[in-house]
Every structure is written in C-alpha cells, then in structure tokens.
Amino acid sequence: MRAFKYSNVSDAGTAIKLVSVNQTARFLGGGTNLVDLMKEDVMRPTELVDVSRLKYARIEKKGNGISIGATATNASTANDENIREKYPLLSMAILAGASAQIRNMATNGGNLNQRTRCTYFYDVNMPCNKRAPGSGCGALHGVNKNHAIFGWSEKCVATYPSDMAVALAALDAVVQVEGVNNTKRSIPFADFHRLPGDHPEKDNNLQQGEFITSIDLPANGLAEKSYYLKIRERSSYAFALVSVAAALVTDDNTVKEVRIALGGVAHKPWRASVAEHWLIGKQATEANFKAAAAAELKNAKPLAHNKYKVSLAAKAIVRALEGALQGGVYGAMEADSTTTDKNQDHE
C-alpha cells in the first residue's frame, strides 16, 4: 500500500473542504471497498478523511417517509424496526449483500460509492478506462461473462455491484449531499449513478468534495408486496449475476403500481421501466409477468460471453414479481457456474 495522509475530522464542513481542495483525497467510512482497492494499487489516494464518526448515523422519520444517515452501517439499517416494517425491500437487499462482518462495517454512503468488481478494473496490468482513462476496455472483447447487457458503451462494459442500491432505485430514494460553503442539494436516485458513456471513470454525479449526508425514502404503499431476488454463482458471499428488486400494489389482482429494478446488468442499478409500464392496469399473472419481462429484455445488448443473462434476467423478473405478489420473503437462487457456462454455449 502506498503512503497516504490520514485526517480524522469532527465536522462535515472540514471533511468537505479537505477533499474539495485535493483531487486525490477520499472520504473514509467503513473502508470495506476503498481499503481493498488501495491494497491492490487500483486506487491511490494521497489523503483519507475519516468521516465514520460524524453525526450522520441516525435513521429517523422524515415527513411520511424515513431518512437513513450516510454513516449508519448497512447492518443497523437493515435491522432497523421502521425499515423492516415499512421498507422490507431495502432490508432484504442489504442482507443479501456481502457478509455479516462487512455489513457491520460498511456505511450507507460508502455502499453507494463502491466501485465495480470487474476483474479488468482490479488488474493494474490490464487496460481499463474506468481505472486508467484512455487505456481501453479489456472486457469489451475479453472475458465478459459477468458484464453488462444494458447501457454499456465501447469505453466500458462493467456492472455496478451494490444490492442496497438496487432496492433504493426501486423505492425512488433521494440522496442528500452537502458541498463546499454548506451548499446542499437533493439528487433523485435515478440521477445519482451514471452510465459509462465516454467517461466510465465517473461512477456517479457527485462533484469533488461533495459528501452524502443521508438517503431519503419517500412514503409508499409497497411494503406489503415486495421481494428481492439475488442470483449468484454460490450461496456464500458473492456478487450478483442478476438481481431483482420488485414491489407491487394491486387491487383485485390488477396491478395499480409496480417497481422493478435490476442489478448485475448495467453500470448502474437498472430501472425496468418498460416492464413497469407494460404491467400497469394488467392482471398480476405469470403470463403477464413473462410478457413484461420479455418486453424489457428486448432492448438488451449482450456481449460475447454473457448472452445467458438475457434469459436469466427475464426469468428472475418473473420470479421476483411472483415472490412480491405472495407477500415477499428474501430469496436467493444459486446459479451453478457450470450450468451458466453451458447456457452461454447454447445461445
């Protein structure tokens, strides 16, 4: 690990100022992703500004919704009584991610800022526009089994790894940030993360020095019928091949409101808006769920080695919607890597 300066601050203003004037400084929360990247020599910050002790760990009611603090841990958020009761989708998604030890350390703000687990990004000897802009994308014509099928560009085909963020996308969360001179702004979750375009090195739309203070969850009626499905190669700590956050509001089995977000398929949590629009006003049936999923996946652009994700995502959407309709419980389905490879060969 390269040498760096460590700064322990007592207020957000000081932290923001330190990071805003130093382009290579980074905020340090739980460090569960950043420190690993430093050990791998992928990220080389010259200064770490420790924000883990700042007073942004509260989870509290805000209007008719709930605000979750940026420095609250993933574990405390998932197990909060109000989150479990009113936003079970978020609780399920967080508990599907990482290990218990990591959830006890990782912060909510850090979770949103975590970086891709693309192997080309982690290997400093390989080309990667996200790590080294202009060097190329090794995965584009390389081993891209785990990569994007939506929203990718010639510059980057990496996927975003967070489970928590997929649920937040489905819940229409709003990210509250603070910048230099006490400037504050609200960022709708759909606008927080970016697609790669020509600048895949930019994971989100935060400005240099901006600090996430909280994430607001608006009131909704989605608690009763929501479900998070994560499909991975093994049941232990692993990132999603495909994940789905689904929630429904029905009246006499007619879909009045539906939210579907996908993980593991794009550079950001992918809101399945085509499927959502297709389902409104339709009966909540398996046939209609399949038709909606097919409509969404019609726009997928698989790469050489990840064609299996198209059918996998379609089936996952159906299963997640069925789980939501039945009242929702956390579900995880392991996809055997051998089976996955066979699927690739036959598509």
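Here is a chat about the strands, one helix and one pocket of this predicted model.

Colleague: Before I start clicking around, what kind of model is this?

Modeller: It's a predicted model.

Colleague: OK. Which order do the strands take in the three-stranded sheet?

Modeller: They go β1-β3-β2, in an open sheet with parallel pairing.

Colleague: And why is one side of β1 and of β2 left without a neighbour in the sheet?

Modeller: β1 (5-8) and β2 (25-28) stand at the edges and each has a single partner strand, so one side of each has no neighbour there. From one strand to the next, the twist averages 25°.

Colleague: How many bridges hold β1 and β3 in register?

Modeller: Four bridges, in the parallel sense, with β3 covering residues 47-50. To find one on screen, look at Ser7, whose bridge partner in β3 is Val49.

Colleague: What about helix α1, where does that lie?

Modeller: Helix α1 is residues 12-20, and it lies across β1, β2 and β3. Relative to β2, helix α1 runs at about 150°.

Colleague: Switching to the other sheet. What's the strand order, and is the pairing parallel or antiparallel?

Modeller: That one is antiparallel: five strands in an open sheet, ordered β4-β5-β8-β6-β7. β4 and β7 (184-188) are the edge strands, each pairing on one side only. Ignoring direction, neighbouring strands in this sheet are turned by 25° against each other on average.

Colleague: Let's zoom in on β4 and β5. How many residues sit between them?

Modeller: Two, and the strands form a hairpin. In the turn, Gly63 has a positive phi of about 65°. β4 is residues 59-62 and β5 is residues 65-69, paired antiparallel over four bridges.

Colleague: Which residues in β5 stand opposite Glu60 and Lys61?

Modeller: Glu60 faces Ser67, while Lys61 stands opposite Ile66.

Colleague: New topic, pockets. How much space lies in the second largest pocket?

Modeller: About 500 Å³.

Colleague: And which residues lie nearest its centre?

Modeller: Arg117, Asn146, Phe239, Ala240 and Leu241 lie nearest the centre of the second largest pocket, out of 25 residues that line it.

Colleague: How does that lining split by class?

Modeller: The second largest pocket has ten nonpolar, nine polar and six charged residues in its lining.

Colleague: Great, I'll pull up Arg117 and Phe239 by the centre of that pocket, then go back to Gly63 in the hairpin turn.

Conventions:
Residues numbered from 1 in each chain as written. Predicted model: local features only at pLDDT ≥ 70, side-chain atom pairs only at ≥ 80, totals over all residues. Heavy atoms only, no water. 1 Å grid on protein atoms, 1.4 Å probe; cavity = no way out; pocket = protein on both sides within 12 Å on 5 of 7 lines; lining within 4 Å. Points joined across faces, edges and corners; volume = space filled by probe spheres on them. Nonpolar A, V, L, I, M, F, W, Y, C, P; charged D, E, K, R; others polar. Pairing = 2+ DSSP bridges. Axes fitted to C-alpha atoms, helices over the stretch in contact; angles between N-to-C directions. Contact = heavy atoms within 4.5 Å.
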